[in-house]
Amino acid sequence: MAIFALWQVNHLASQIQRAEEDKVRLWANAISQKNQLVKYTEDFFAQITTDEQRKMDLYAQVLRTLGNEDLRADIEFSLSYVNYIMDSTRTSTIITNHDGYITSCRNIMNDSLDANLIGQKLEGQLLEAFSQNPPFEYTVWGMQFTLYYKESQIYSDLRQMLASLGETFLDDITNNSVFVPVIIVDSLQSTVIGSGNIPNSEFSTPQKLSNKLASMAAENTPIRLAMPNGTIAYVYYEQTPLLKALRWVPLLYVFIAIVLIVTSYYLFRTAHAVEQNRIWVGLAKETAHQLGTPISSLIAWTDYLENKTITPQYAQEIRKDLSRLETITHRFSKIGSTPELKETNVGDVIQTTIEYLPSRSPTNIKFLLPQPHTTMIAPLKNSLFHW
């Protein structure tokens, strides 16, 4: 079960790591697409700016020729065409005289408000808003005029919409799809192109950035990323707190296994010690029992011989009990040591044992010892075999 659990945890961690790497690649590709979108947008609006400038240049040229009576029909047609183009794209224009007062304006707010601007001096925020592009100066009937313009409203709305979509797209990818700490740097690994889930304070200086990239590279191999402008960038990322926590789970299992093994060993030793204690208790009881028989016999012989004369028969019986005590003592002195076995006649040892028992047993017990036809020799220890 422990091995299976370890395998499952490791398998889960590997799956999460692959998922995190896929998310990092998605995030990096989103950054790349975002940069590509920005580049395309910049190129598009650069072309739009050029077109706007050409259109205003054409408009200024048409206005310059207003004083030419010979070309009036063509000029009126051209002016109508240019005005149509500007109205369709909602290009905002202001024409001022040499004193800076507004003589004409188009597509600034609405027709009624535009009419209120005529005769006012072009200054303040309005002048600042229309000074983003260089104005065109022209002369009609000896009078100096200046043509101011700014980007068409339709293009301004488009620019704002694209910028908003790009930011929203990037935020969605960064905040909702990626929880992995990532940093994108240039090929020199000195400039941060993008980052996610990492505080800026961790790479706010070149030294901190270098240390952070080194620690992230030690965890995962950086991902090489081709940028829209043809340069190469690298994506550095590290493991999420969840994956790092999962990496510690096997160590937790190992720790639990060690605790279980140590506890089991301690319980086994305790049980073994208890068993040994029981053996010693049993051995003590057996010792008391073994010693009780000859001692009781000696006490009985002492009481019997108090007022009688000792005969050889009595002395022999007492000697047997003393020999019995010596044998018991010898037996217990050999506990725990390897017995010394000697080739012995088994029948003689049994005969000696049987001869000790009848006089110390009830009279209704009869001992019979069949004698073998042959001598039986076996390696044994006499005292233990008697026992």
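Two strands are said to pair if DSSP finds at least two bridges between them. With that in mind, a good place to enter this predicted model is strand 5, where I183 stands opposite Y236 of strand 8. Strand 5 and strand 8, the latter spanning residues 232-237, run antiparallel to each other and are joined over five bridges.

Strand 5 has a second partner as well. Strand 6, residues 192-196, pairs with strand 5 in the antiparallel sense over four bridges, and here V185 stands opposite V192. The two strands form a hairpin with five residues between them. Within that turn, Q189 has a positive phi of about 60 degrees.

How many of the five residues of strand 5 are buried? Five of the five, residues 182-186, are buried, so the strand is largely enclosed by the rest of the structure. In a regular strand, side chains alternate between the two faces of the sheet. In strand 5, V182, I184 and D186 point one way, while I183 and V185 point the other way, and all are buried.

Strand 7 brings another antiparallel pairing to strand 8, this one over four bridges. The bridge partner of L225 in strand 8 is A233. Which face of strand 7 is covered, and which is uncovered? I223 and L225 form the covered face, whereas R224 and A226 form the uncovered one.

Just ahead of this strand comes a loop, between helix 6 (206-219) and strand 7 (223-226), and N220 lies in that loop. N220 has a relative accessible area of 8%; since buried means under 20%, N220 is buried. A polar atom of the N220 side chain lies 3.3 Å from the backbone oxygen of Y237. Leaving aside residues up to four places away in sequence, N220 touches Q17, Y237, E238 and Q239.

Attention now turns to the nonpolar interior. The largest nonpolar core has 10 residues in all: M56, Y59, A60, I95, F136, Y138, V140, F145, L147 and Y149. Helix 1 (2-64), strand 3 (136-140) and strand 4 (143-150) each supply at least two residues of this core.

Two members of the core, F136 and Y149, deserve a further look. Both F136 and Y149 are buried. The count of aromatic pairs comes to one. In this pair, the ring centres of F136 and Y149 are 6.1 Å apart and the planes are at 25 degrees; planes under 30 degrees apart count as stacked, so the pair is stacked. The pair links distant parts of the chain, with F136 in strand 3 and Y149 in strand 4, 13 residues apart.

Helix 9, residues 346-356, shows how burial can follow one side of a helix. Buried residues in this helix are V346, V349 and Y356. Viewed down the helix axis, the buried residues fall within an arc of 95 degrees, so they line one face of helix 9. At the start of the helix, a side-chain oxygen of N345 reaches to within 3.1 Å of the backbone nitrogen of G347.

Finally, some figures describe the chain overall. The chain contains 10 helices and 10 strands, and buried residues make up 28% of its 387 residues. Among contacts between residues at least 6 apart in sequence, 60% join residues at least 24 apart.

How values were computed:
Residues numbered from 1 in each chain as written. Predicted model: local features only at pLDDT ≥ 70, side-chain atom pairs only at ≥ 80, totals over all residues. Heavy atoms only, no water. Buried < 20%, exposed > 50% of the residue type's maximum accessible area, 1.4 Å probe, protein only. Arc of directions from axis to C-beta. Polar contact = N/O pair within 3.5 Å; in protein donor to acceptor, adjacent residues only side chain to side chain. Contact = heavy atoms within 4.5 Å. Core = buried A, V, L, I, M, F, W, Y, C linked by side-chain atoms within 4.5 Å. Phe/Tyr/Trp six-rings, centres within 6.5 Å; stacked < 30°, edge-to-face > 60°.
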